[in-house]
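Visitor: Please take me through a single part of this model in detail. I would like the strand pairing, the side-chain directions and the turns.

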Amino acid sequence: MKLAGLKSVENAHDESVWAATWVPATDTRPALLLTGSLDETVKLWRPDELELERTNTGHCLGVVSVAAHPSGVIAASAALDSFVRVFDVDTNATIATLEAPPSEVWQMQFDPKDRLNFGSTYAVCCMLKYETTYKEWKGTTLAVAGGGSASIKLWDTATWKLIASLSIPRPEGPKPSDKANSKKFVLSVAWSPDGRRLACGSMDGTISIFDVARAKFLHHLEGHSMPVRSLVYSPIDARVLFSASDDTHVHMYDAEGKTLVGAMSGHTSWVLSVDASPDGTGIATGSSDKTVRLWDLGMRAAVQTMSNHTDQVWGVSFRPPGGNGVLAGRLASVSDDKSISLYGYS
């Protein structure tokens with residue numbers, strides 16, 4: 001795999017762009033790039049031209065995370081105002097507004113297992129009012145990194161009610177201090193591709209693994225010495241987890257065996273984001289050293305460095321497979337410099 005710069009959009013937002021993900025393609029449209037910014041807006045971009053499709057408003061503080069349902073029909077944005085806005089991708093209609101206490105809404109991700117045929121469900125439900133449409137959708141969950149609550153919050157997509165809070169255990173000892181527990185500020189979250197596990201990364205550098213079905217904490221993964229800002233599981237192996245940390249390292253874990261498989265270095269400052277390629281052979285990272293790096297997992301090393309941005313790179317995201325006429329892969333990156341960059345690979 002080799003990246004080639006395709007296009008960059010300067011001033012894509014009015015302020016820093018902190019979040020990016022791809023909304024999967026549907027039968028009626030291609031995949032769209034979804035970005036969130038400190039300018040309080042969320043924007044949707046067409047995949048190859050990076051032409052603005054739509055601007056969504058609704059938050060009153062900066063957007064820190066965006067997530068897309070695997071159906072490609074709905075998406076969500078989380079902001080510093082402690083609200084999560086869930087919306088219809090094609091109409092921008094608000095489906096739900098989820099409220100949390102201050103500092104308890106950070107990164108989020110929908111359960112990747114699409115347990116119902118959402119395309120068919122949506123086609124039928126389009127004839128109904130929105131109030132009933134989304135109540136018919138059952139079986140998926142939105143996981144939200146809970147920040148100061150030291151937990152992952154789980155929201156049911158059928159009712160948009162909080163159904164569980166997966167808490168990180170307090171440190172062992174006769175009198176665990178509040179200060180020690182406060183360092184478990186949860187920044188990042190990731191589902192395993194089979195939907196059985198959830199991982200979250202904390203301010204103190206630890207990664208916590210949960211059994212979703214049993215709502216049970218399993219174990220910690222150690223190795224980082226600073227905040228873990230981004231996590232992603234391998235799309236082809238539910239045991240393999242990648243992490244990005246302020247300690248400048250990217251780690252590869254056997255998340256079931258509690259083993260650090262590899263520690264990859266190359267960035268010269270905080271690693272703020274990580275994503276895995278759809279074929280599972282590589283990962284991309286974004287850093288406050290202003291670069292995007294492509295890593296070969298066989299070599300466990302960075303094989304390419306892209307310097308399109310002039311400030312911190314907060315998000316990297318590979319386009320998911322699928323969609324009519326898609327012949328080549330795409331990677332997007334977003335930055336404090338307000339720009340979006342798009343790269344191609346085959």
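Guide: What follows is a close look at strand β4 and its partners, with some context around them.

The model is predicted: local features need pLDDT of at least 70, side-chain atom pairs count only at pLDDT 80 or more, and totals for chains, interfaces and linings use all residues. Residues are numbered from 1 along each chain as its sequence is written, and side-chain values use heavy atoms, with hydrogens and water left out.

Context comes before detail. The chain has three helices and 28 strands. These are DSSP runs numbered from the N terminus: helices are H or I with at least four residues, strands are E with at least two. Of the 346 residues, 56% count as buried. Buried means under 20% relative accessible area, exposed over 50%, and partly exposed in between, with a 1.4 Å probe and protein chains only.

Now to β4, residues 42-45. Val 42 and Leu 44 point one way from this strand. Lys 43 and Trp 45 point the other way. All four of these residues are buried, the lysine included. In a regular strand the side chains alternate between the two faces of the sheet.

β4 pairs with β3, residues 32-37, in the antiparallel sense over four bridges. Two strands count as paired if DSSP finds at least two bridges between them. Leu 34 stands opposite Leu 44 here. The hairpin of β3 and β4 has four residues between the strands. In that hairpin, Glu 40 takes a positive phi near 80°.

β4 also pairs with β5, residues 52-56. Four bridges join these two strands, which run antiparallel. Lys 43 stands opposite Thr 55 in β5. The β4 and β5 hairpin has six residues between the strands. Leu 50 takes a positive phi near 50° there.

Another part of the chain offers a sheet to set beside this. Four strands form an open sheet in the order β18-β19-β20-β21, with antiparallel pairing. β18 (228-233) and β21 (259-264) each have a single partner strand, so one side of each is left without a neighbour in the sheet. The twist averages 20° from one strand to the next. The axes behind that value are lines fitted to C-alpha atoms, for helices over the stretch in contact, and angles run from 0 to 180 degrees between N-to-C directions. β18 and β19 (residues 240-245) pair over five bridges. The bridge partner of Val 228 in β19 is Ser 245.
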